[in-house]
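Before modelling anything on this prediction, I would like to go through its geometry step by step. Could we take helix packing, then backbone details and domains?

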Amino acid sequence: MDKKVTTRTVMSMKDGDKIVMLTAFDYPSALYSERAGAEIILVGDSLGQVVLGYESTVPVTMDEMLHHTRAASRGCSRALLVADMPFGSYQAGPQQAMENAARFLKEAGAESVKIEGGVSMAETIEFLTRRSVPVMGHIGLLPQSVHQMGGYRIQGRGDEGLRILLDDARAVVESGAYAMVVEGVPAEAARLVTESVSIPTIGIGAGPHCDGQVLVYNDLLGIYDRFVPKFVKRYGELGAATEKALRQFTREVKEGVFPDEEHSYE
Ligand code: KIV
């Protein structure tokens, strides 16, 4: 095994090698992501859409996240394992956030948690980081705020949008986070954020200038196609390949072709 990736490793990659983060939701997706060389495996609450079939990430529960984080942890030994705190598990305040974050670390094998929000979450991030919970921030487009935003809207546009984004980035750093996701912002805005902060930025829908990149496993493999955002590059068509294989199995069973002698015992 290559050297274990820790939050310190991630911090040391600022302005160095690009950081690769992949979302994974279970044992095989974590295993393949790690084998492919990802430094960070995020059990994202995108789980809600791409695995559980919800319309958004809002309904995802702590129990669902714990269950999938445990599964991913069994496929992850070298990469840093980060668990996304689901909507409603930390917004009530630092105490609630601490109780739920501790569950990810104690019960599910996570080594860090991710929290959406900048200035509005600064107190909570600081509370956690001062109590030995490493926090990855998340600024820009915040999927858990979809109802408040009135849809998934690109953030950081215009002078005011950029000011809010930079304020959020600064708040995340000052609160003690070791890295932050920057989602759904113009490439130039992400560049300004990346240059203005001392910790690594990991972009999604944020152009090429961040210190690292993340995509959702099911998106990049073409397994989830209910909605494909502009920033998703599909590196495989596993959804189509899966359907093709399952259709062939169905046909062969119906036609009595499977099982043949090769796949039967004497
Ligand atoms: O839930 C998720 O997968 C995420 C990433 C897109 C950053 O938050």
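**Helix packing and backbone geometry**

Me: In which sense does H8 pass H9 in their crossing, left-handed or right-handed?
Reply: In this predicted model, H8 and H9 are helices in the sense of DSSP runs of H or I with at least four residues, numbered from the N terminus, strands being runs of E with at least two. A crossing is right-handed if the near helix is turned clockwise from the far one by less than a right angle, and left-handed if anticlockwise. Where H8 passes H9, the crossing is right-handed.

Me: Numbering runs from 1 along each chain as its sequence is written, and side-chain values use heavy atoms, without hydrogens and water. Local features need pLDDT of at least 70 and side-chain atom pairs 80 or more, while totals for chains, interfaces and linings use all residues. How are H8 and H9 oriented to each other?
Reply: Helix H8 spans residues 158-174 and helix H9 residues 187-196, and their axes (lines fitted to C-alpha atoms over the stretch in contact, with angles from 0 to 180 degrees between N-to-C directions) lie 10 Å apart at an angle of about 30°. Angles under 35 degrees count as roughly parallel, over 145 as roughly antiparallel, 65 to 115 as roughly perpendicular and the rest as oblique. The orientation of H8 and H9 is therefore roughly parallel.

Me: How are H4 and H5 oriented to each other?
Reply: Helix H4 covers residues 62-73 and helix H5 residues 94-107, with axes 10 Å apart and a packing angle of about 25°. The crossing of H4 and H5 is right-handed. Their angle therefore makes H4 and H5 roughly parallel.

Me: What is the orientation of H5 to H6?
Reply: H5 also packs against helix H6, residues 122-129, at an angle of about 45°, and the axes of H5 and H6 are 9 Å apart. That angle makes the orientation of H5 to H6 oblique. The crossing of H5 and H6 is right-handed, while the orientation asked for is oblique.

Me: Which peptide bond is cis, with omega near 0°?
Reply: The proline concerned, Pro-259, sits in the segment that follows helix H11 (238-255). With omega near 0°, the cis peptide bond runs from Phe-258 to Pro-259.

Me: What is the phi of Asp-15?
Reply: Asp-15 belongs to the loop that joins helix H1 (7-12) to strand S1 (19-23). Its phi is positive although Asp-15 is a residue other than glycine, with a value near 65°.

Me: How far apart are the C-alpha centres of domain 1 and domain 2?
Reply: The bounds, which come from an automatic or database domain assignment, give domain 1 as 7-235 and domain 2 as 238-266. Between the C-alpha centres of domain 1 and domain 2 the distance is 39 Å.
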